[in-house]
Amino acid sequence: MTMAKPFIKWVGGKTQLLEEIRTKYPQSIEKYCEPFVGGGAVLFDILNTFQPKEVLINDINKELINTYSQIKTNCQNLIKELLVLQNIYKTQDNSTNKTFYFSKRERFNFLNLENYSEKLEKAVLFIFLNKTCFNGLYRVNSKGQFNVPFNNAKNPLLCDEENLIECSKLLQNVQMRVGDYSECKSFIDEKTFVYIDPPYRPLTETSAFTSYDKNGFSDKNQIELGNFVSEISKKGAKVVLSNSDPKNTNVNDNFFDELYSQFEIERVSASRMINSNAKKRGAINELLITNIASVF
């Protein structure tokens, strides 16, 4: 049996940490919410394993949610269009593909910034750019334009048809919305398991490599998120949250230890994959924060 998995590569994606995150799952999940869905590694793991009755995913990135929506409602046409791009890409040399990439990036930005309604085309381009850009980054400039360079991949799998079909099947019962994570609050109750994977707090000034959203995510935003976690915990929700561990670079930095002092904090090993200097990639600690002690 084919199990659905993330259909895009996503910086900070949780595939490598799934085993640790699974240890935090409740025994059963009937209602699930993911306020920062990203690549959806935990989402698809939970959909595959528990088949919850009610699911809400949210993200501030409207093009990401549009892509989820098109896979849910228009999967066969999306596959058809992706296969066209894949066949073109395979027949061209690297130099031509680089030019092809930038033309598609320009088209994506045109459709995005002009707010055109070609939702299928935008979803196709979103996946194409993800598979052919540097490290699967989603980065925008101050104008909201996607600006990640070409990755020079020679033969990327642009259309994993079988997986897209499986993803579409699992997404049929999933509610999707674009907006701030705080607007998920009305969906969350004592029956809900919530996984929260926000933009990570940078370990250094130079490690803030990308602006996922043109407005960024500051320490003030992290504190507001901490208040949100406290609020939904008081409602009885079961919560797991991921973030960076400041102690990787400063053992005296207690930012998250203080912010989530009432919760259980576990440090788990993860791989840093996005540094431009290969020597600086490797195992570091990340945080898994849960309200297990206070809720269940």
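**A walk through the predicted model: cavity, rings and helix H3**

The largest cavity in this structure has a volume of about 60 Å³, and I should say straight away that we are looking at a predicted model. The structure holds one cavity of 30 Å³ or more, so let me start there, because rolling a probe the size of a water molecule over the atoms shows where empty space is left.

Which residues line the largest cavity? The lining is made by Trp10, Phe108, Leu125, Phe126, Leu129, Asn130, Leu137, Tyr138 and Phe146. If we sort the residues of that lining by character, eight are nonpolar, one is polar and none is charged. The element that gives the most to the lining is helix H6, spanning residues 119-132, which supplies four residues. Several of these names come back when we turn to the aromatic rings, for Trp10, Phe108, Phe126, Tyr138 and Phe146 form one aromatic cluster.

That brings me to the aromatic pairs in general, and a search of the whole structure finds 22 of them. I will show you two. In the pair of Phe7 and Phe44, the ring centres are 6.3 Å apart and the planes stand at 75°, and the pair is therefore edge-to-face. Phe7 sits in the segment before helix H1 (18-22), whereas Phe44 belongs to helix H2 (residues 41-50), so this pair ties together parts that are 37 residues apart in sequence. Both Phe7 and Phe44 are buried.

The second pair, Phe100 with Phe128, is also edge-to-face, with 5.6 Å from centre to centre and 80° between the planes. Here Phe100 lies in helix H5 (residues 94-113) and Phe128 lies in helix H6, so the contact ties together parts that are 28 residues apart in sequence. Phe100 counts as buried because its relative accessibility is 13%, and Phe128 is buried with a relative accessible area of 0%.

Let me stay with helix H2 for a moment, since Asp45 is found there as well. Is Asp45 buried or exposed? With a relative accessibility of 10%, Asp45 counts as buried, and its side chain makes a polar contact, at 2.8 Å, with the side chain of Tyr25. Leading up to that helix, in the loop between strand E1 (31-34) and H2, we find Gly38, which counts as buried at 6% relative accessibility. Gly38 and Pro202 are 164 residues apart in sequence, and their C-alpha atoms are 18 Å apart in space.

On the other side of H2, the loop between H2 and strand E2 (54-59) contains Gln51. The phi angle of Gln51 is near 50°, which is a positive value in a residue other than glycine, and Gln51 counts as exposed, at 53% relative accessibility. A second residue of this kind is Asn135, whose phi is near 55°, again a positive value in a residue other than glycine. Asn135 is placed in the loop between H6 and helix H7 (161-171), and at 19% relative accessibility Asn135 counts as buried, because the cut-off for that word is under 20%.

Finally, I would like to look at helix H3. Helix H3 covers residues 62-73, which makes 12 residues, and from its first C-alpha to its last it reaches 16 Å, close to the 16 Å expected at 1.5 Å a residue. What caps the N-terminal end of H3? The cap is Asn61, with a side-chain oxygen lying 3.0 Å from the backbone nitrogen of Glu63. Glu63 is also one of the buried residues of H3, which include Leu64, Ile65, Asn66, Thr67, Tyr68, Gln70 and Ile71 besides.

Thr73 is also found in H3, but Thr73 is exposed, with a relative accessible area of 56%. A polar atom of the Thr73 side chain lies 2.9 Å from the backbone oxygen of Ser69. As a general reminder, an α-helix has 3.6 residues a turn, so residues three or four places apart point the same way. Looking back along the chain, Thr73 and Pro52 are 21 residues apart, and their C-alpha atoms are separated by 19 Å.

If you keep one picture from this predicted model, let it be the cavity of about 60 Å³, with Trp10, Phe108, Phe126, Tyr138 and Phe146 among its lining residues and together forming one aromatic cluster.

How values were computed. Residues numbered from 1 in each chain as written. Predicted model: local features only at pLDDT ≥ 70, side-chain atom pairs only at ≥ 80, totals over all residues. Heavy atoms only, no water. 1 Å grid on protein atoms, 1.4 Å probe; cavity = no way out; pocket = protein on both sides within 12 Å on 5 of 7 lines; lining within 4 Å. Points joined across faces, edges and corners; volume = space filled by probe spheres on them. Helix = DSSP H or I, 4+ residues; strand = E, 2+ residues; numbered from the N terminus. Nonpolar A, V, L, I, M, F, W, Y, C, P; charged D, E, K, R; others polar. Expected span 1.5 Å × (residues − 1). Buried < 20%, exposed > 50% of the residue type's maximum accessible area, 1.4 Å probe, protein only. Polar contact = N/O pair within 3.5 Å; in protein donor to acceptor, adjacent residues only side chain to side chain. Phe/Tyr/Trp six-rings, centres within 6.5 Å; stacked < 30°, edge-to-face > 60°.
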